[in-house]
Amino acid sequence: MALSRKALLRVLGGGVVVAAGAVVGIPRLDAMPASAIEGWAGPGPSDTDPRRRALAWALLAPNPHNLQSWAVDLSQPDTILLHVDGRRLLPATDPFSRQILIGHGCFLEILTMAAAAEGWRADVSIFPAGEWSLDRPVARIVFTRQYGIAVDPLFAEVPRRRTVKTKFEARPLDPAHRAALLAAHTATALPLSIVDEADKVERLRALAIAGSELEMNTYLTHKESIDVVRIGAAEIAAHRDGIALKGPMIWALRQAGQMTPEKAMTPGTLAWSGGRDYALAGYASARAFGWIASADNTRATQIAVGRAFVRLQLKATSLGVALQPHSQTLQEYPEMAELRRAMHKETDVAGDATLQMLFRLGYAADPGPSPRRALQSFLAA
């Protein structure tokens, strides 16, 4: 996240403005630390275990709040046991861990792509020890050498995939891109819809903005986000996860004592208002929305949604289309119930069906990769 110079100058005064003016011309000040994004280069040449090589790519999958809540066990030969890291959950905004499981589906899809790219078949068994719980694995993945296995063309997009949170350009979604995204979605049990009609988009924008504001104005849900905000290069390098705030403006605000977790929790402060304005500006710039729904909401379906969603995002990457998921009005905590029902109604997801993913689509500059922890930190002892 980066605040605009205009927003900074509007609120800060005196010598801080002078300091801010001095730093905006230094683009590498408080930049993303190289150590935090080294994983986007893929596995190193010295790592010969095919499981570790595939994992190095799978760790680049999208996931809620960039918690990277994957844990893996490599104790069995040619096998990966994938678990949920129970220390990295979202009990306030994702009380049933639906989003967490979707993130594991994204992980599994990229993992199988990465294995195939190096000549290995990765056979995935979902919930091999029975219905998922924190003490049971999400999946067992067995690697088998298979020469000539087809390489998924979307795998080439993995290191280029981004979740774009900034404002989108003021141009509509290209009809050819809309058609290509719909055609690429082959998960027929999980219907994909994309809309770009102005009236429909405006109603979806309004609901998305209302959901974002409600989450920020609900103490526990807002605190859950603030707890994983990493402010400045030093914090980003130390954690390599969560929501990264960096850049000259963030540096200036930190120096002025205006960008702290405490201030970000306090309505009316620059940190709180800046975060709100940043999020709402993104939704306000949306020119198209898409969503994936399901007839049920089983754990297996949540995994399948993740696999389908990441393929859609990789296809969007190949087309130069920016995509950002909107989670707020899909979340299952009590305060969001009314807006969740309104979003289901607006997207024609009725009855027992579940609106699993909602996202805005458009065009934007590459924001750069998000932080990733080192592979070793995901491995069970």
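Start by selecting Gln328: at 12% relative accessibility, this residue counts as buried, because the cut-off for that label is under 20%. Bear in mind as you click around that this is a predicted model.

Gln328 sits in a loop, the one between strand E9 (322–326) and helix H13. Now show its neighbours. Leaving out residues up to four places away in sequence, Gln328 touches Gly211, Ser212, Glu215, Tyr283 and Met336. Keep Gly211 highlighted, as we'll meet Gly211 again in the contact between H6 and H13.

**Next stop: H6 and H13**

Select residues 198–216 for H6 and 337–346 for H13. How do these two helices run relative to each other? Their axes cross at roughly 160° and come within 10 Å. Anything over 145 degrees is classed as roughly antiparallel, so that is the label for H6 and H13. The crossing is left-handed.

Turn on side chains for the contact itself. From H6, pick Lys200, Arg203, Leu204, Leu207, Ala208, Ala210, Gly211 and Leu214; from H13, pick Leu339, Ala342, Met343 and Glu346. Colour them by class and you should get 8 nonpolar, 1 polar and 3 charged residues.

**Then over to H4 and H12**

Hide that pair and select residues 98–117 (H4) along with 299–319 (H12). Here the axes come within 7 Å and cross at roughly 55°. That makes H4 and H12 oblique to each other, and their crossing is right-handed.

Which residues make this contact? On the H4 side, select Arg98, Leu101, Ile102, His104, Gly105, Cys106, Leu108, Glu109, Ile110, Thr112 and Met113. On the H12 side, go for Arg299, Gln302, Ile303, Val305, Gly306, Arg307, Phe309, Val310, Arg311 and Leu314. The same colouring by class gives 11 nonpolar, 5 polar and 5 charged residues for H4 with H12.

**Zoom out**

Finally, bring back the whole chain as a cartoon. You're looking at 13 helices and 10 strands. Align the view to the principal axes, and the C-alpha atoms fill a box of roughly 65 × 50 × 40 Å. What about the radius of gyration? The chain has 21 Å, which agrees with the value near 21 Å that a compact globule of 381 residues would have.

Switch to colouring by burial: 52% of the 381 residues count as buried, and Gln328, where we began, is one that does. If you have a contact map handy, open that too. Among contacts between residues at least 6 apart in sequence, 76% join residues at least 24 apart.

Definitions and conventions: Residues numbered from 1 in each chain as written. Predicted model: local features only at pLDDT ≥ 70, side-chain atom pairs only at ≥ 80, totals over all residues. Heavy atoms only, no water. Axes fitted to C-alpha atoms, helices over the stretch in contact; angles between N-to-C directions. Helix = DSSP H or I, 4+ residues; strand = E, 2+ residues; numbered from the N terminus. Parallel < 35°, antiparallel > 145°, perpendicular 65-115°, else oblique. Left-handed = near helix turned anticlockwise from the far one by under 90°. Contact = heavy atoms within 4.5 Å. Nonpolar A, V, L, I, M, F, W, Y, C, P; charged D, E, K, R; others polar. Rg over C-alpha atoms; globule rule 2.2 N^0.38 Å. Buried < 20%, exposed > 50% of the residue type's maximum accessible area, 1.4 Å probe, protein only.
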